[in-house]
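Reader: I am new to reading protein structures. Please put one up and walk me through it.

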Amino acid sequence: MHFIIGGAFNGKRAWVKKTYQDSMQAYWLSAYNHDSLPTNLMDIEEPVIILEGVELWLKDLTKNYDVNHSREIWNRCKENWLTWEKAGVNRKLVVIGTDITKGIVPLEVENRVWRDVTGWAYQDMAAKSDKVDVIWYGLSQNIK
């Protein structure tokens with residue numbers, strides 16, 4: 001798994017498109033396009049799956065479930081995604097997340113819960129990823 005993180009409108013999508021341009025058969029799911037949180041990817045045949053806007057999927061989870069249940073659902077999805085990736089030699093999962101608060105603690109309880117769950121999810125994603133890149137202003141920094 002390749003996890004890409006960075007600020008909003010900092011060029012993550014363009015960087016991923018450029019980096020994975022040889023993978024013409026990428027399957028792209030985006031929360032920004034109102035795609036639902038993919039819980040199972042096993043029916044997808046393309047060699048590369050790109051999941052974009054995970055912070056919005058996490059926000060939906062925290063609106064509908066408590067912290068612990070949101071994390072359980074997220075971790076189950078993540079494990080299913082990794083199972084898809086490991087099921088084929090040339091498969092690659094690319095996950096794009098946006099830094100949502102830059103360390104600023106939101107005043108509203110629901111936004112604090114979202115920030116916390118997103119932070120934990122990003123830590124989990126980074127730990128499970130083979131590669132992690134931070135994108136700021138279109139420039140990448142590989143941190144794992």
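Author: Happily, and a definition comes first: two strands pair if DSSP finds at least two bridges between them. Helices (H or I, at least four residues) and strands (E, at least two) are themselves DSSP runs, numbered from the N terminus. This is a predicted model, in which local features need pLDDT of at least 70 and side-chain atom pairs count only at pLDDT 80 or more, while totals for chains, interfaces and linings use all residues. Residues are numbered from 1 along each chain as its sequence is written, and side-chain values use heavy atoms, with hydrogens and water left out.

Reader: In what order do the six strands of the open sheet lie?

Author: The pairing in this open sheet is mixed. At its edges are E2 and E6, each of which pairs on one side only. Reading across, the six strands come in the order E2-E3-E4-E1-E5-E6.

Reader: Which residue of E5 is the bridge partner of His-2?

Author: E1 and E5 run parallel, and five bridges join them. One of the residues with a partner here is His-2, and that bridge partner in E5 is Lys-131.

Reader: Which residue in E4 stands opposite Ile-50?

Author: Strands of a sheet pair through backbone hydrogen bonds, either parallel or antiparallel. E3 and E4 pair in the parallel sense, over five bridges. Opposite Ile-50, in E4, stands Val-94.

Reader: How many of the five residues of E3 are buried?

Author: Look at both faces of E3: Val-48, Ile-50 and Glu-52 are buried on one side (under 20% relative accessible area with a 1.4 Å probe, protein chains only; exposed is over 50%, and partly exposed is in between). Ile-49 and Leu-51 are buried on the other side. E3 is therefore largely enclosed by the rest of the structure, and its buried count is five of the five.

Reader: Where is Ser-30, and what relative accessible area does Ser-30 have?

Author: Ser-30 belongs to strand E2, which runs parallel to E3 and is joined to E3 by five bridges. Across from Ser-30, in E3, stands Glu-52. Contacts (heavy atoms within 4.5 Å), leaving aside neighbours within four places in sequence, link Ser-30 with Arg-13, Asp-35, Glu-52 and Trp-57. Ser-30 is buried, with a relative accessible area of 0%.

Reader: Which strands do the buried residues of H1 pack against?

Author: Helix H1 spans residues 12-19, and its buried residues are Lys-12, Trp-15 and Val-16. On the face turned away from that buried side, H1 carries the exposed residues Ala-14 and Lys-18. The buried residues pack against strands E1 (2-6), E2 (26-30), E3 (48-52), E4 (92-98), E5 (131-136) and E6 (139-142).

Reader: How far apart in space are Val-113 and Asp-66, C-alpha to C-alpha?

Author: Val-113 lies in helix H4 and counts as partly exposed, at 24% relative accessibility. Setting aside residues up to four places away in sequence, Val-113 touches Thr-62 and Val-67. As for Asp-66, the separation from Val-113 is 47 residues in sequence, while the C-alpha to C-alpha distance is 8.8 Å.

Reader: What about charges over rings: how far is the charged end of Lys-59 from the ring centre of Trp-114?

Author: There is a rule for this: a charge sits over a ring if NZ of Lys or CZ of Arg is within 6 Å of the ring centre and within 35 degrees of the ring normal. Lys-17 lies over the face of Trp-28, 5.9 Å from the ring centre. The charged end of Lys-59 sits over the ring of Trp-114, and its distance from the centre is 4.4 Å.

Reader: Is Phe-9 buried or exposed, and at what relative accessibility?

Author: Find Phe-9 in the loop between E1 and H1. Its phi is near 55°, a positive value in a residue other than glycine. Phe-9 counts as exposed, and its relative accessibility is 87%.

Reader: What phi does His-34 have?

Author: Go to the loop between E2 and E3, where His-34 is found. His-34 is exposed, with a relative accessible area of 72%. Although it is not a glycine, His-34 has a positive phi of about 70°.
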